Amino acid sequence: MSTDQPLPSYDGASFADRMSTVEFRVAQRPHITLDADACRSCTARPCVHSCPADLFVPTSDGGLLFNYEQCFECGTCHQVCPVEGALTWTYPDGGHGVAFRRG
């Protein structure tokens, strides 16, 4: 999340403090996959603008750099993708994925 303004606080806890309680249990099998050719044909790129974790980054050659390791598993990318078959989304394998409350 890039901004020049301070991050908001919630109930007295900063965004950074809240995110420090999030744990990502990364599975070896990606739960989101992209078809590079299909993504390259998309000009709207709603995944780039709607992903709350900023996991989709356009590259200079027209492709997308994608990182599933810190996915919040909200499914937004799957819902907004306009190109059929460009993005495949499933839940992570059992015991993996995001855990919002550690400890």
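**Entry 1: the surface and the whole chain**

I began with the accessible surface of the protein, which comes to about 7,000 Å², and I noted that 51% of that surface belongs to carbon and sulfur atoms. I should write down at once that this is a predicted model, and I read every value below with that in mind. Turning from the surface to the interior, I found that 26% of the 103 residues count as buried.

Next I looked up the secondary structure, which comes to four helices and eight strands. Following the chain along its sequence, I wrote the pattern down as β-β-α-β-β-α-α-β-β-α-β-β. I also looked at how far apart in sequence the contacting residues are: among contacts with a separation of 6 or more, 62% are accounted for by residues 24 or more positions apart.

**Entry 2: one long-range neighbour pair**

I picked Val22 as an example of residues that are distant in sequence, and I located Val22 in the loop between α1 (15-19) and β3 (23-25). How far apart are Val22 and Phe100 in sequence and in space? They are separated by 78 residues in sequence, whereas their C-alpha atoms are 4.5 Å apart. Val22 has a relative accessible area of 11%, so I list Val22 as buried.

**Entry 3: the nonpolar core**

I reminded myself of a general tendency before looking: in soluble globular proteins, nonpolar side chains tend to be buried together. In this model the largest nonpolar core has 14 residues, and those that touch the most other members are Ile32, Cys47, Phe56, Leu64, Cys77 and Leu87. I then checked which elements contribute, and found that α2, α3 (46-50) and β7 each supply at least two residues of this core.

To see one member in its surroundings I selected Cys77, and, leaving aside residues up to four places away in sequence, I found that Cys77 touches Ile32, Cys47, Phe56, Leu87 and Trp89.

**Entry 4: the salt bridges**

Side chains of opposite charge can pair when their charged atoms come close. I therefore searched for such pairs, using a limit of 4 Å between nitrogen and carboxyl oxygen, and the count came to three salt bridges.

One of them joins the side chains of Glu23 and Arg25, with 3.5 Å from N to O. Glu23 counts as partly exposed at 29% relative accessibility, and Arg25 is also listed as partly exposed, at 40%.

Another joins the side chains of Arg29 and Asp93, with an N to O distance of 2.8 Å. This pair links distant parts of the chain, for Arg29 is in the loop between β3 and β4 (32-34) while Asp93 is in the loop between β7 (87-89) and β8 (97-99), 64 residues apart. I noted both partners as partly exposed, Arg29 with a relative accessible area of 35% and Asp93 with 32%.

There is also a salt bridge between the side chains of Asp61 and Arg40, at 3.8 Å from N to O. Here too distant parts of the chain are linked, with Asp61 in the loop between β5 (56-58) and β6 (64-66), Arg40 in helix α2 (residues 36-40), and the two positions 21 residues apart. Asp61 counts as exposed at 55% relative accessibility, whereas Arg40 counts as partly exposed at 40%.

**Entry 5: a buried arginine**

Arg45 took up the next page, and I found Arg45 in the loop between α2 and α3. Is Arg45 buried or exposed? Its relative accessible area is 12%, and since buried means under 20%, Arg45 is buried.

What, then, does the side chain of Arg45 reach? I found no salt bridge for Arg45, as the nearest side chain of opposite charge, that of Asp61, is 7.3 Å away. Instead, the side chain of Arg45 reaches the backbone oxygen of Gly63 at 3.3 Å. Not counting residues up to four places away in sequence, I listed Cys39, Arg40, Pro58, Gly62, Gly63 and Leu64 as the residues that Arg45 touches.

**Entry 6: two positive phi angles**

Most residues other than glycine have a negative phi. Against that background I noted that Arg45, although not a glycine, has a positive phi of about 50°. Asp54 also has a positive phi, near 55°, and is likewise a residue other than glycine. I placed Asp54 in the loop between α3 and β5, and recorded Asp54 as partly exposed, with a relative accessible area of 42%.

Terms used
Residues are numbered from 1 along each chain as its sequence is written. This is a predicted model: local features need pLDDT of at least 70, side-chain atom pairs count only at pLDDT 80 or more; totals for chains, interfaces and linings use all residues. Side-chain values use heavy atoms; hydrogens and water are left out. Buried means under 20% relative accessible area, exposed over 50%, partly exposed in between (1.4 Å probe, protein chains only). Contact means heavy atoms within 4.5 Å. Accessible areas come from the Shrake-Rupley method with a 1.4 Å probe; for residues, only the protein chains shown count as cover. A nonpolar core is a set of buried Ala, Val, Leu, Ile, Met, Phe, Trp, Tyr and Cys residues joined through side-chain atoms within 4.5 Å. Lys and Arg count as positive and Asp and Glu as negative; His and the chain ends are not counted. A polar contact is a pair of N or O atoms within 3.5 Å; within protein, one must be able to donate a hydrogen and the other to accept it, and residues adjacent in sequence count only if both atoms are side-chain atoms.
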